[in-house]
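Here is a short set of exercises to work through with the model open on your screen. Try each task before you read its solution.

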Amino acid sequence: MSWMKRTFCSSIGLKIIMAATGLGLFFFLIGHLSGNLLTFAGADAFNEYAARLKSLGPLLWVARIGLLVIFVAHVLTAILLTRKNRAARPEAYVFSSTIQASYASRTMVMTGMITLGFILYHLAHFTLHWVDSANASHMDFSGRHDAFKMLVLGFQNPVTSGIYIISMFILGTHLSHGLSSLFQSLGINHPNITPTVKKVAPLVAWAVVAGFISIPVSVLIGVIAL
Ligand code: HEM
């Protein structure tokens, strides 16, 4: 067990866990976005996708628990790393790089906490149906849960859409920085690779965010409609 102690007690070990779990969450986001973009293909395609996911039964629960474990590990390492950084911080900032690093990590903590809040709201909305609960019980023409209707009715409310759009921008800031520093945290640091990663990572992050934002915006302007 000494390797575990060494990993969890060293900043490098924590950074590697943070980066690896962050990458896992990013892959989830890509998968989630791909599924959600089916709303542009219409109610039938989207409800079929939702029904297939549900039909995975126990496998879906394995995936959900896996996602939860990765998510909790990401948040826990963030807390441990922030504590370590605070403990190691010098009394006064002498170098501008220290100020920059601290600004970036403070931004990551803030945007991360807001994203956590968004995820709780999102689960309350679409999974637990605590928000817009009246929209949860619809069935479509073939007796499947009408996830498309739930989503469109949800986003037709400008307040709900506004919360999603603002949260997506905050997620974009988090992802943009996270993806940019991910390779370095994993120890991949090469003069040929690092500058390209720093340029491409924010573009990838904002492309994913634009994909998510396109859904509530399309509902609001009537491109996706019942
Ligand atoms: C426009 C943006 C989004 C839409 C339309 C959307 C839609 C949905 C829908 C329909 C569900 C399924 C609810 C159910 O039937 O149980 C869901 C679940 C979920 N979403 Fe999203 N989502 C969006 C953005 C996000 C983002 C940005 C994140 C993460 C930061 C996220 C994380 C999750 C999680 C963790 C679940 C639960 C997965 C599960 O229970 O299997 N979603 N989302």
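**Exercise 1. Describe the shell around the ligand by residue class, then find its nearest members and their polar contacts.**

Step 1: sort by class. The shell around the ligand holds twelve nonpolar, four polar and two charged residues. Here Ala, Val, Leu, Ile, Met, Phe, Trp, Tyr, Cys and Pro count as nonpolar, Asp, Glu, Lys and Arg as charged, and the others, Gly among them, as polar.

Before going on, a word on the source. This is a predicted model, in which local features need pLDDT of at least 70 and side-chain atom pairs count only at pLDDT 80 or more, while totals for chains, interfaces and linings use all residues. Residues are numbered from 1 along each chain as its sequence is written, and side-chain values use heavy atoms, with hydrogens and water left out.

Step 2: pick out the nearest residues. A residue is near a molecule or strand if one of its heavy atoms lies within 4 Å of it. Of the 18 residues around the ligand, the ones that come nearest are His32, Asn36, Arg64, His122 and Phe212.

Step 3: look for polar contacts. A polar contact is a pair of N or O atoms within 3.5 Å; within protein, one must be able to donate a hydrogen and the other to accept it, and residues adjacent in sequence count only if both atoms are side-chain atoms. His32 places a polar side-chain atom 2.8 Å from a nitrogen atom of the ligand. For Lys54, a polar side-chain atom is 3.4 Å from an oxygen atom of the ligand. For Arg64, the distance from a polar side-chain atom to a ligand oxygen atom is 2.7 Å.

Step 4: assign the shell to elements. Two or more shell residues come from each of helix H2 (11-36), helix H5 (96-127), helix H6 (147-155), helix H7 (158-185) and helix H8 (194-220). H5 gives the largest share, six residues.

**Exercise 2. Work out the fold of the chain and say how enclosed H6 is.**

Step 1: count the elements. Helices (H or I, at least four residues) and strands (E, at least two) are DSSP runs, numbered from the N terminus. The protein chain has eight helices and zero strands.

Step 2: apply the burial cut-offs. Buried means under 20% relative accessible area, exposed over 50%, and partly exposed in between (1.4 Å probe, protein chains only). Of the 226 residues in the protein chain, 31% are buried.

Step 3: turn to H6. Seven of its nine residues are buried, so H6 is largely enclosed by the rest of the structure. Those buried residues are Ala147, Phe148, Met150, Leu151, Val152, Gly154 and Phe155.

**Exercise 3. Find the salt bridge and explain its spacing along the helix.**

Step 1: set the rule. A salt bridge is a side-chain nitrogen of Lys or Arg within 4 Å of a carboxyl oxygen of Asp or Glu. By this rule there is one salt bridge.

Step 2: name the partners. Arg52 pairs with Glu48, and their closest N and O atoms are 3.1 Å apart.

Step 3: explain the spacing. Arg52 and Glu48 are separated by about one helical turn because they are four residues apart in helix H3 (residues 43-55).

Step 4: check accessibility. Arg52 is exposed at 56%, whereas Glu48 is partly exposed at 31%.

**Exercise 4. Place Ser180, Ser10 and Val208, and describe their surroundings.**

Step 1: Ser180. This residue lies in helix H7 and is buried, at 11% relative accessibility. Its side chain reaches the backbone oxygen of Ser176 at 2.6 Å.

Step 2: Ser10. This residue sits in the loop between helix H1 (2-9) and H2, and Ser10 is partly exposed at 29% relative accessibility. The side chain of Ser10 reaches the backbone nitrogen of Gly13 at 2.9 Å. Ser10 and Lys84 are 74 residues apart in sequence, with their C-alpha atoms 9.1 Å apart in space.

Step 3: Val208. This residue belongs to helix H8 and is buried, at 5% relative accessibility. Between the C-alpha atoms of Val208 and Leu33 there are 7.5 Å, although these residues are 175 residues apart along the chain.
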